[in-house]
Amino acid sequence: MSLKSRLIYWLYGLITTVIAPLGMLYLMYKKRRDPPYGRRACELLGHYSTGFRNCIWFHTVSVGEAIAARPLIKAFMRRHPKLTVLVTTTTTSGAREIEKIEGINHVFAPLDSPLAVWRFLRNFNPSALYIMETELWPSLLNVTHAWGTRICIINARMPEKTCLKYLEHRTLTLDLISSKLDLVLCQTADDMERFKRIGVPSDRLRMTGSLKYDLSPDEPRFRAARHVRMQWSDLKIIGAISTHDGEEAMIIETFYAMKEQYPDLRLVLVPRHHAGTARAVNFLNNIHGSFALRTNLNPDLSNFTQDVLIGNSMGEIELYLGLCDIIIMGGSFVDVGGHNPLEPAFFSLPVITGPFYYNFDEQYDNLIENGAAYVANDHRRLFAVIKMFLDDNELMVTTGMRAFDIQQNGRGATRKTLNEMDGCLRMRN
């Protein structure tokens, strides 16, 4: 490691160690209405009530990564029933998804200070760390590497924008990140090439595909929602899933503009975060829109008669998808990078995305090139694409079927990833 990199890492470690307690207090305040998090806040500093002599460590971040990793973790536990598996998350929503795995051990991940990470390692002594997608934090990687734990990135992705930022500090990236990775299992050839550009040796890179193609959603919940949907056969229902700030208002405005031509149109709006529910409610109140919150309706939605259903409940994404004919994926009309289109594709639903979908560019490009998804660059184009589907039911059905075929054809990443992960375990021995 160069002298400059050592100095920067030393300063980073000093600063993060000092501010980590403040970060914990801030998160405790921010999550004060989330008791499961508050009671375990000290885990952020590496203080845990349990420990192991040895384990295999999986690290995910939030709900999206947890859902994608869940089938892989289950398969890993079936393949290695004698190994103790520990999963860390950074959010309570991710924790809830991981804790659905029977027999799993879960704690919250330590903040990225050397002391917090060291305490974690002392408590659990992992022989291998499998990081989901892109969590490349300096202390996490360097302290874990120094401990002797093998580090593998699974379902790895790297957008070009992120690669260019790393390349602006090439030596620092090589010393603190690339040289600490024992194995990187990439989603695509482009991702593999970008990891190579930032200094990961070719013999440590593999392409295993995206785990998101191997998703296993709650099909009974979807079918139950489809049964409810059949009772509203005279309606057409648009879904807007995982919306962000700046999207709720645009989508609601577009919906009401369309409703002038299609009076039997309804909207299911599912914000990505709780703050989006408040934004949607405020906007609808200001325009005197008709809406209902999911949590205020009967479980079977029998009393839903409003124009807009706001999905403010957790863990019911399949229910919302089951109610809809067309899906708009959020996080793509603002510069967030989009969200996973393979969930609606699994249920043969046509997908509309905004122009910012770089977090899932391989999946979206595949869908778009095959006529299974459409891009709307602004609200005018969004209006036009929705109208195209509403005026042509056969096109709507065909687009959804194409999306399903592409999702199914992409499956297999779990098996490939498991085989490579076993190789990482053997490297430890």
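Where is the place of asparagine 125? Select asparagine 125: its place is in the loop between α5 (114-124) and β4. Helices (H or I, at least four residues) and strands (E, at least two) are DSSP runs, numbered from the N terminus.

This is a predicted model, in which local features need pLDDT of at least 70, side-chain atom pairs count only at pLDDT 80 or more, and totals for chains, interfaces and linings use all residues. Residues are numbered from 1 along each chain as its sequence is written, and side-chain values use heavy atoms, with hydrogens and water left out.

**Either end of β4**

Stay on asparagine 125. Its phi is positive, about 45°, although asparagine 125 is not a glycine. With 26% relative accessibility, asparagine 125 counts as partly exposed. Buried means under 20% relative accessible area, exposed over 50%, and partly exposed in between (1.4 Å probe, protein chains only).

Next, select glutamate 133, in the loop between β4 and α6. This residue other than glycine also has a positive phi, near 75°. Glutamate 133 is buried, at a relative accessible area of 2%.

**β4 and its partners**

Select residues 126-132, strand β4: seven of its seven residues are buried. Add β1 (residues 55-59), which pairs with β4 in the parallel sense over five bridges. Two strands pair if DSSP finds at least two bridges between them. Within this pairing, isoleucine 56 has alanine 128 of β4 as its bridge partner.

Now add β5 (residues 150-156), which is joined to β4 by five bridges, again in the parallel sense. Here leucine 129 stands opposite isoleucine 151 of β5. From β4 the chain crosses through helix α6 (residues 138-147) to β5, a right-handed β-α-β crossover. Right-handed means that, with the strands pointing away from the viewer, the path from the first strand over the helix to the second runs clockwise.

Select α6 itself. This helix lies across β1, β4 and β5, and runs at about 160° to β4. Axes are lines fitted to C-alpha atoms, for helices over the stretch in contact, and angles run from 0 to 180 degrees between N-to-C directions. Contact means heavy atoms within 4.5 Å.

**The whole sheet**

Show all the strands of the sheet. Seven strands form an open, parallel sheet in the order β3-β2-β1-β4-β5-β6-β7. The edges are β3 (105-108) and β7 (205-207); each has a single partner strand, so one side of each is left without a neighbour in the sheet. From one strand to the next, the twist averages 20°.

At the β3 edge, select β2 (residues 85-89), which runs parallel to β3 and is joined to it by four bridges. Threonine 89 has phenylalanine 108 in β3 as its bridge partner.

**Helix α3**

Select residues 63-79. How far apart are the end C-alpha atoms of α3? They are 24 Å apart, in agreement with the 24 Å that its 17 residues should span at 1.5 Å a residue; the expected span is 1.5 Å times one less than the number of residues.

Then centre on alanine 69, where α3 bends by about 40°; proline 71 follows within four residues. The bend at a residue is the angle between axes fitted to the seven residues ending there and the seven starting there. Both Ala69 and Pro71 are among the buried residues of α3, which also include Glu65, Arg70 and Phe76.

**Alanine 280**

Finally, select alanine 280 in helix α12 (residues 274-286). Alanine 280 is buried, with a relative accessible area of 0%. Not counting residues up to four places away in sequence, alanine 280 touches Glu248, Ile252, Leu269 and Ile310. Isoleucine 310 is 30 residues from alanine 280 in sequence and 7.9 Å away in space, C-alpha to C-alpha.
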